[in-house]
Amino acid sequence: MNDFERKTLTHKIRQLEELPLPVKNLVAFRTLFKSGKITKREAAMALDHGYVLFCQLLRRIFVDDMLEDRNYVPNPAQTLDFLPFETICDILQNLPVVDSLQDSEHDEWEHASSCRILMEHLLRINDLNMPHLIAAARFHDIGHMVFRILTPKRFGMIEEAARSENKGIARHRMEESIIHMTHSEAGAILLESWGFPESVWKPVLYHHYDTTPPDYQFETAVLQFVDWIDSLARERNIDDPMDFMLAYAGLDTLDPKPWVKIQRRVVRYNEMRIRKFRETEFALLKEQNAE
Ligand SMILES: [Fe+2]
Ligand SMILES: [Fe+2]
């Protein structure tokens, strides 16, 4: 039965063309993009913070085959060069909505954002140009959103369990027993079917595994490291990555403590930045509605 359920769910994920946005965000995005008054910088920031919308826009770029290099993943500013505001308005007009996000889901959005910041930092200090790894960090947990839409009851059970008696158990282990699929698998299936390159969805697929795909050992190790450090900074339950895994990126001898300490500051600073951005967004909306 488990196998049948997995296959049914896999099929449903492959058919998914849209992920919903919380109604408040969708209204804000629609108004701001439609007005055309949002600057490109502000729009790029909106995509930076709204990883679900950003993922949706990248889908359009990949599905419509807009890139010369199919392995390249554009950043938010480059995405706005590819997609005119009118196209973004069209996409926004047709996206489904969810009422609001629970606290844990807000935390999920912020985790995606601070993992992306840590990944960018790691790549920058090591002089590495790997935009696919930045995308993998942004979207590594998008499978949670997939479960929320396709299997809401079981998703609710996992949310509940994560808050209560099973608090000590890593979330992907609960998913294995309740949904028979982990969010890492769900996310990877979605990203693959949305046309993302293998260099993004494969490390996402393996981000909770004790094995790595031979062709993406470095990427998987770095993604596991980033997810681990940010989760420790947020005091979330996560299994420690195996040393041999971290060794693929030469990260096995690093003391995680100072990294966690710095990441705690990044998390706090980023939350403030997001709040500030939301205030700007709200002010722009007010201005727009007053006209
Ligand atoms: Fe995860
Ligand atoms: Fe994560």
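## Cysteines and a buried glutamine

In this predicted model, the disulfide count comes to zero. Let's work through two exercises on it.

**Exercise 1.** Find out why Cys55 and Cys89 are not in a disulfide.

*Solution.*

Step 1. Start with the cut-off: two cysteine sulfur atoms have to lie within 2.5 Å to count as a disulfide.

Step 2. Now take Cys55. The closest cysteine sulfur belongs to Cys115, and the gap is 15 Å, so that's too far for a bond.

Step 3. Do the same for Cys89. Here the closest cysteine sulfur is the one in Cys55, but at 19 Å it's also too far for a bond.

Step 4. Check the surroundings while you're there. Cys55 has a relative accessible area of 0%, so it's buried. Cys89 comes out at 17% and is buried too, because the cut-off for buried is under 20%.

**Exercise 2.** Locate Gln224, decide whether it is buried or exposed, and work out which backbone oxygens its side chain reaches.

*Solution.*

Step 1. Look in helix H14, which covers residues 217-233: that's where Gln224 sits.

Step 2. Gln224 has 5% relative accessibility, so it counts as buried.

Step 3. Follow the side chain of Gln224 to its polar partners. One is the backbone oxygen of Tyr209, at 2.8 Å. Another is the backbone oxygen of His207, 3.4 Å from a polar atom of that side chain.

Step 4. Finally, widen the view to contacts, skipping neighbours within four places in sequence. Gln224 touches Tyr206, His207, His208 and Tyr209, plus Pro241 and Met245.

Definitions and conventions:
Residues are numbered from 1 along each chain as its sequence is written. Chains are lettered from A and ligands numbered from 1 in the order in which they are written. This is a predicted model: local features need pLDDT of at least 70, side-chain atom pairs count only at pLDDT 80 or more; totals for chains, interfaces and linings use all residues. Side-chain values use heavy atoms; hydrogens and water are left out. Buried means under 20% relative accessible area, exposed over 50%, partly exposed in between (1.4 Å probe, protein chains only). Helices (H or I, at least four residues) and strands (E, at least two) are DSSP runs, numbered from the N terminus. A polar contact is a pair of N or O atoms within 3.5 Å; within protein, one must be able to donate a hydrogen and the other to accept it, and residues adjacent in sequence count only if both atoms are side-chain atoms. Contact means heavy atoms within 4.5 Å.
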